[in-house]
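Student: Could you take me through one part of this structure up close? I would like to see how two helices pack, and then how that part sits among the rest.

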Amino acid sequence: MSEVGLQQAQEKMRAAGAADVAIRVFTHYYRLLESGQQGTIREDDIEPVGDLPHLDHLDTDPEAMRSALAETVVIKLNGGLGTSMGVTGPKSALPVKDGLSFLDIIARQILSTRRKYDVPLPLVLMNSFRTKEESLQILSEYDGLAVDGLPLDFLQNMEPKLLVEDLTPAEWEPDPELAWCPPGHGDLFTALVASGTLDALREQGFRHAFISNADNLGATPDPRIAAWMAEHDVPFGMEVCRRTRSDRKGGHVAVRKSDGRLILRDSAQVAEEDTKYFQDVTRHRTFNTNNLWIDLDRLADLMAGHDGILGLPIMVNRKTVDPADPTSPKVIQLETGMGTAIETFEGSQAVIVDRSRFKPVKTTNDLLVLRSDVYELDDAGDLTTTHEGDEPYVDLDPEHFKILADFDAHFAAGAPSLVRADRLEVRGDVVFGKDVTVIGEVEIEAAAGERRLIPDGTVLEGS
């Protein structure tokens, strides 16, 4: 591969004002790509994880929890747009429950936890330049949310997409922004340093960070885990859930045979011949929720000792420069995942949590469940389920429900009651009236080219 491609990419990043540490990290992964690394983790090199502690069995001493939470900051990954649902703004600005957005609910959760435990508990967003303004505007409605001396946000880094044919930086005249991409959420660590946020937090005495995705409203700062981190001097803690068949494609934790360290293996790191082992939920029994707890002093030491390069496993993401145009040039995006840092911190641990701490909204299927009566939202921003057993499985026809505007039009009178539902599958153009109730397993289909209306007050039971 040509040295010219790297030089052009570095110059492009400098011209855009990228921090030196961000350029060094990009250069590290460019070299790995040149050398042919794909980040593959072979089944022969790992073994399943043994017994792990469970959240319900952690110490609940009130003073230990309050003391640990007093040294904790909450960081939310908030760089994502709602493009998969046809939304151009921040995904976290979408109304998800009782007219409130993700960010509204997160702000209420933070303020409630502060009052309950009498702790400062700062909230800091990792934004992209596309999410910053609107997100901060939403948070500005909450008096006292900002903590003196600390920013409410910092920006994730951007790097050039690389043309597959020669690894030079891509250009795209119709929309030059599409020639750039974030380096995956593993960039969190680089961005914390580059923005000065890591130094600012440590200077004010904050020892731990609880990090999670903004679209996961179950990810609240649990004081039991904060106390566990402090008591056992855990440098890196990962919340994991028991895998089910629906989680078989999600990243799992394992033990690396060569050194006994916990690692995270994502689907992009699996060799084709190892897929059957990766998807075996009886072999690899837990998955990463992306709820992470990190010792900030240990992170600072690692970053300083490695010139800002943690050395997370590379992920090579192949796309087109315009994701919406399959005929546009093929590109490579160099990415890392923040959960893979579990192998970087000596003494990392994982803790098992219930599914209540993992409620991500990735599709309108997830959004319908959250907006329905399956969950109730209290004044503190906490979601509680009213549904017995696993939440209902929802599969809406993507042609009519994938885009948020279409989804809202088909549920203009509100989400149906799903509290007694086990499964709802909708095929075709089906519009739901007011106060529709779904019981058990229901399949609904509209004839091709026709719109089917479910009248107000309908009770749907069975196919």
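Tutor: Start with two helices, H3 and H8. Helix H3 covers residues 62-69, and helix H8 covers residues 223-231. They pack at an angle of about 85 degrees, with their axes 8 Å apart. Those two values are the usual pair to quote, because two packed helices are described by the angle between their axes and the distance between the axes. Angles of 65 to 115 degrees count as roughly perpendicular. H3 and H8 are therefore roughly perpendicular to each other. Keep in mind that this is a predicted model.

Now look at the side of each helix that makes the contact. H3 brings Ala-64, Met-65, Ala-68 and Leu-69. H8 answers with Pro-223, Arg-224, Ala-226, Ala-227 and Ala-230. Sort the contact of H3 with H8 by class: eight residues are nonpolar, one is charged and none is polar.

Next, step back to the domains. The domain assignment splits the protein chain into domain 1 (1-357) and domain 2 (364-461). Their centres, taken over C-alpha atoms, are 31 Å apart. The two domains do touch: 16 residues of domain 1 are in contact with 16 residues of domain 2. About 1,300 Å² is buried between domain 1 and domain 2, and carbon and sulfur atoms give 62% of that area. Three residues stand out on the domain 1 side. Met-85, Val-96 and Lys-97 supply 41% of the area that domain 1 buries against domain 2, more than any other three residues.

Now the sheets. One is an open sheet of three strands, in the order S8-S16-S15, with antiparallel pairing. Its edge strands are S8 (162-163) and S15 (315-320), and each pairs on one side only. Strand S16 spans residues 330-335, and six bridges join S15 to S16. To find one of these partners, start at Met-315: its bridge partner in S16 is Glu-335. A helix crosses here too. Helix H2 (residues 20-34) lies across S8, S15 and S16, and runs at about 120 degrees to S16.

Another sheet is also open, but its pairing is parallel. Four strands make it up, in the order S20-S21-S23-S25. The edges are S20 (393-396) and S25 (459-461), each pairing on one side only. From one strand to the next, the twist averages 40 degrees. Follow S20 to strand S21, which covers residues 417-427: four bridges join the two, and they run parallel. Val-394, for instance, has Leu-424 in S21 as its bridge partner. Here again a helix lies over strands. Helix H11 (residues 364-371) lies across S20 and S21, at about 130 degrees to S20.

Finish where you began. Return to H3 and H8, and trace the two axes, 8 Å apart.

Definitions and conventions
Residues numbered from 1 in each chain as written. Predicted model: local features only at pLDDT ≥ 70, side-chain atom pairs only at ≥ 80, totals over all residues. Heavy atoms only, no water. Pairing = 2+ DSSP bridges. Axes fitted to C-alpha atoms, helices over the stretch in contact; angles between N-to-C directions. Contact = heavy atoms within 4.5 Å. Parallel < 35°, antiparallel > 145°, perpendicular 65-115°, else oblique. Nonpolar A, V, L, I, M, F, W, Y, C, P; charged D, E, K, R; others polar. Domains from an automatic or database assignment. Buried area = accessible area lost by both parts, 1.4 Å probe.
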